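Thanks for coming. I have one structure to go through this morning, and I will keep to what can be read off the model.

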Amino acid sequence: MASRNKDKFDHLLDPDFKSLVYVGRGGTDLHNAVKPMFSALKDLLDAEPDKFGKIKLYFIGTSYAPTGQECLL
């Protein structure tokens, strides 16, 4: 899958932004892991929007969708 879609990610990391990348499995328990992170990011953005307003989050994981039904964003 990755080799077939590598051309879609040439410019994934934009040097004008700070990028946070999560690579791993997802599931209902992922909520427990990311909720504190989103809360902290909101606090930072509220406190210093100029400094923390250029952040991009990426969540890269596996898919068990049938062939042809994958979600490629």
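I will go from the overall layout to the central helix of this talk, then to the strands and a surface patch. Please keep in mind that this is a predicted model.

Start with the layout. The protein has 3 helices and 2 strands. Read from the N terminus, the order of elements is α-β-α-α-β. There are 73 residues in the protein, and buried residues make up 7% of them. The exposed area is about 6400 Å², with carbon and sulfur atoms supplying 58% of that area. As for contacts, take those in the protein with a separation of 6 or more: 72% of them are between residues 24 or more positions apart.

Now helix 2, which covers residues 30-47. Does its length come out as expected or not as expected? With 18 residues at 1.5 Å a residue, helix 2 should span 26 Å, and its end C-alpha atoms are indeed 26 Å apart, so the two values agree.

Which residues of helix 2 are buried? They are Leu-30, Val-34 and Leu-41. These three sit on the same side of helix 2, because they cover an arc of only 25 degrees around the axis. The cover over these buried residues includes strand 1 and strand 2. On the face turned away from the buried side, helix 2 carries exposed residues: Asn-32, Lys-35, Pro-36, Asp-46 and Ala-47.

Asp-46 comes up again in the next point. How many salt bridges does a search of the whole structure find? The search finds 1. Side chains of opposite charge can pair when their charged atoms come close. Here the pair is Lys-42 and Asp-46, whose side chains meet at 2.6 Å, N to O. Both residues belong to helix 2 and lie 4 residues apart, about one turn of the helix. Lys-42 and Asp-46 are also both exposed.

On to the strands. Leu-20 is in strand 1. Leaving out residues up to four places away in sequence, Leu-20 touches Leu-41, Ile-55, Lys-56, Leu-57 and Tyr-58. One of these, Leu-41, is among the buried residues of helix 2 that I listed a moment ago. Another, Tyr-58, is 38 residues from Leu-20 along the chain, yet the C-alpha atoms of the two are separated by 6.3 Å. Leu-20 has 36% relative accessibility, so it counts as partly exposed. Leu-57, in strand 2, is likewise partly exposed, because its relative accessibility is 32%.

Both leucines contribute to a surface feature. A nonpolar patch of about 410 Å² is made by Leu-20, Tyr-22, Phe-38, Leu-57 and Phe-59. Strand 1, residues 18-23, and strand 2, residues 55-60, are the elements that give two or more residues to that patch.

The last item is a glycine pair. Where is Gly-26? Gly-26 is in the loop between strand 1 and helix 2. Its relative accessibility is 45%, so Gly-26 counts as partly exposed. Gly-26 and Gly-61 are 35 residues apart in sequence, and their C-alpha atoms are 6.6 Å apart in space.

To recap: helix 2 has its buried residues on the same side, with strand 1 and strand 2 included in what covers them. Those two strands also give two or more residues each to the nonpolar patch. The salt bridge in helix 2 joins Lys-42 and Asp-46. That is the end of my part.

How values were computed:
Residues are numbered from 1 along each chain as its sequence is written. This is a predicted model: local features need pLDDT of at least 70, side-chain atom pairs count only at pLDDT 80 or more; totals for chains, interfaces and linings use all residues. Side-chain values use heavy atoms; hydrogens and water are left out. Patches are made of residues with over 30% relative accessible area and no salt bridge: like charges are joined within 9 Å, nonpolar side chains (Val, Leu, Ile, Met, Phe, Trp, Tyr) within 5 Å. Accessible areas come from the Shrake-Rupley method with a 1.4 Å probe; for residues, only the protein chains shown count as cover. A salt bridge is a side-chain nitrogen of Lys or Arg within 4 Å of a carboxyl oxygen of Asp or Glu. Buried means under 20% relative accessible area, exposed over 50%, partly exposed in between (1.4 Å probe, protein chains only). Contact means heavy atoms within 4.5 Å. The expected span of a helix is 1.5 Å times one less than its number of residues. The arc is that of the directions from the helix axis to the C-beta atoms.
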